[in-house]
Structure formats: structure tokens, C-alpha cells
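Work through the exercises below with the model open, and compare each step with the solution that follows the task.

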Amino acid sequence: MKVTLLAYTPQPEHLVASAAKLCYSASDIDAIGQGLTDEKVASFVDMLAQIGHESPIEHASFSFGIEGVSRSLLAQLTRHRIASYSVQSQRYVQENMFEFVLPPEIAAIPQAKEEFLRAMEEDQRHYDNLTRLLAQSHKQRLMQEGMEEKQAEKKAQKQAIEDARFVLPNACATKMVCTMNARSLHNFFAHRCCNRAQWEIRELATQMLRLVLQVAPHLFGNAGPACLTGACPEGKMSCGKCNEVREKFRRLRGEEA
């Protein structure tokens, strides 16, 4: 997995503080940012977290490049709907020797790993065979309809991989660009940094949190699983390791301070 912070709102904490100050001030827009020193910005942003005034933090957005994750993770990630996603398409990009994500629990058991790798090889073989058979059929039909051979071959290949991709596994690796505002990121971290989140998306969320802490430490100072700021909300489904989780994220914030 590789996660990169591609872009973010310039001076995100200053913008959030200015927007929040406007809510409580009679100042004009042009004057609202005057006098907002770094110390005052930090104090304002910290206060917003304390009183639960979350709407101003929606003005700051962050864009991530994400590579080496599975289609299984993609299905989970896109459930976070207040976000924008651009994902490498399996309709237009042919999967020649597709990359895949090997779950650690499978990798730890030699027999399970061997079975998994055989399944990946078999999936690739089925994908290649389906692509070839479909492309032949489409090319023949298109030429019968009067299309020139070279053009027919190109169009047939594209049509073939549209259907051949159905045999590809959840483990198939993908890459994407994802953009979220700070409020959506807080929600994402609360759910996906939790120990009960699936291991892959939990690692993604932790890497994303580490990156945004470097550029907006006050904005994300209390971000992370819900148990950081109160009791575990999972009830009887709790992992039972709240103290360990809190210490882990205290260390993470310290590393990026």
C-alpha cells in the first residue's frame, strides 16, 4: 500500500478559523482574517473541537493518491459518500498479470498462501482466455458489419475486457485519487481507525491520518477511532483494547507533532 497526500486546501487551519470566526463576528469578509496569528488559529480550531462546531471544518479538503489496495477495500471506501473518487477502470485498462493484495493471515500459513496464489494464477488464466474468446467473437461480428479489420480488432479488445473482468477477484489491486473534506475525514477516521475495521482499510485510514496531521495538527488533533475521546461506542462488539488503541494514537500524534 502506498498513500500520498497529493494536495490540500492552502492554510487549512487558517481558513477554518476564519470561517468559524465569521459565525461569531460582525466583521466583513475582507477583515475576518486580520489578527489571526498562528496561536489564535490553533486556539480557534481547538475550541471548535471542544464545542462540537463541525461545519466550518468542511471548508478544508485533502486529496490522496492511493495505490496497492484491493477492490475489496474500494467497496468499503466508497461507502463514505461525502467524497470524490477517481479509480483506475477495469473496463479500459487490461489486467495483464494483474497485481493482487495478499492478506497477512493467509500469508502467515504456508498452505493457505499456496492455495491463494494458485487461485490468483487460475483467475489470470480464466481472464486471459475469456478476453481472447470474446475478442475473437466481437472482431468477427464487427467485420461482418463492415468495419475495417484494424478498427474492429481494437474495438473488439475493449469490449472483451468489459466482460472478462467479471472473473477477477476482490484481491485484484487498484489505484485511485480520493478527496474528502476535513469533517468527512474525521468521520472516516472514527470508523476505519477502529480495531473492528477490516485490516486493510484500517491501515489506509491510519496512513491518511498520519499525513494530514503533518499539515493540520490542530484540525486533526483529536481524530482517530471514537474511543479516543470517550467510551467505546461498539458496546458488546468492542475489541476490549481501548487503552492500547488510545496509546497507539497518542504515539502517532507525537510522531507527527
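**Exercise 1: a pair within one helix**

Lys 158 and Glu 162 form a salt bridge, with 2.4 Å between the closest N and O atoms; a salt bridge is a side-chain nitrogen of Lys or Arg within 4 Å of a carboxyl oxygen of Asp or Glu. This is a predicted model, in which local features need pLDDT of at least 70 and side-chain atom pairs count only at pLDDT 80 or more, while totals for chains, interfaces and linings use all residues. Residues are numbered from 1 along each chain as its sequence is written, and side-chain values use heavy atoms, with hydrogens and water left out.

Task: state how Lys 158 and Glu 162 are separated in helix H6, and whether Glu 162 is buried or exposed.

Solution: Lys 158 and Glu 162 are four residues apart in helix H6 (residues 149-164), and are therefore separated by about one helical turn. Glu 162 is buried, at a relative accessible area of 19%, whereas Lys 158 is partly exposed, at 27% (buried means under 20% relative accessible area, exposed over 50%, partly exposed in between, with a 1.4 Å probe and protein chains only).

**Exercise 2: a pair across the sequence**

Task: find which parts the salt bridge of Arg 183 with Glu 58 ties together.

Solution: The closest N and O atoms of Arg 183 and Glu 58 are 2.6 Å apart. Arg 183 belongs to helix H7 and Glu 58 to the loop between helix H2 (38-51) and strand S2 (61-70), so the pair links parts 125 residues apart in sequence. Arg 183 is partly exposed, with a relative accessible area of 32%, and Glu 58 is partly exposed as well, with 37%.

Methods:
Helices (H or I, at least four residues) and strands (E, at least two) are DSSP runs, numbered from the N terminus.
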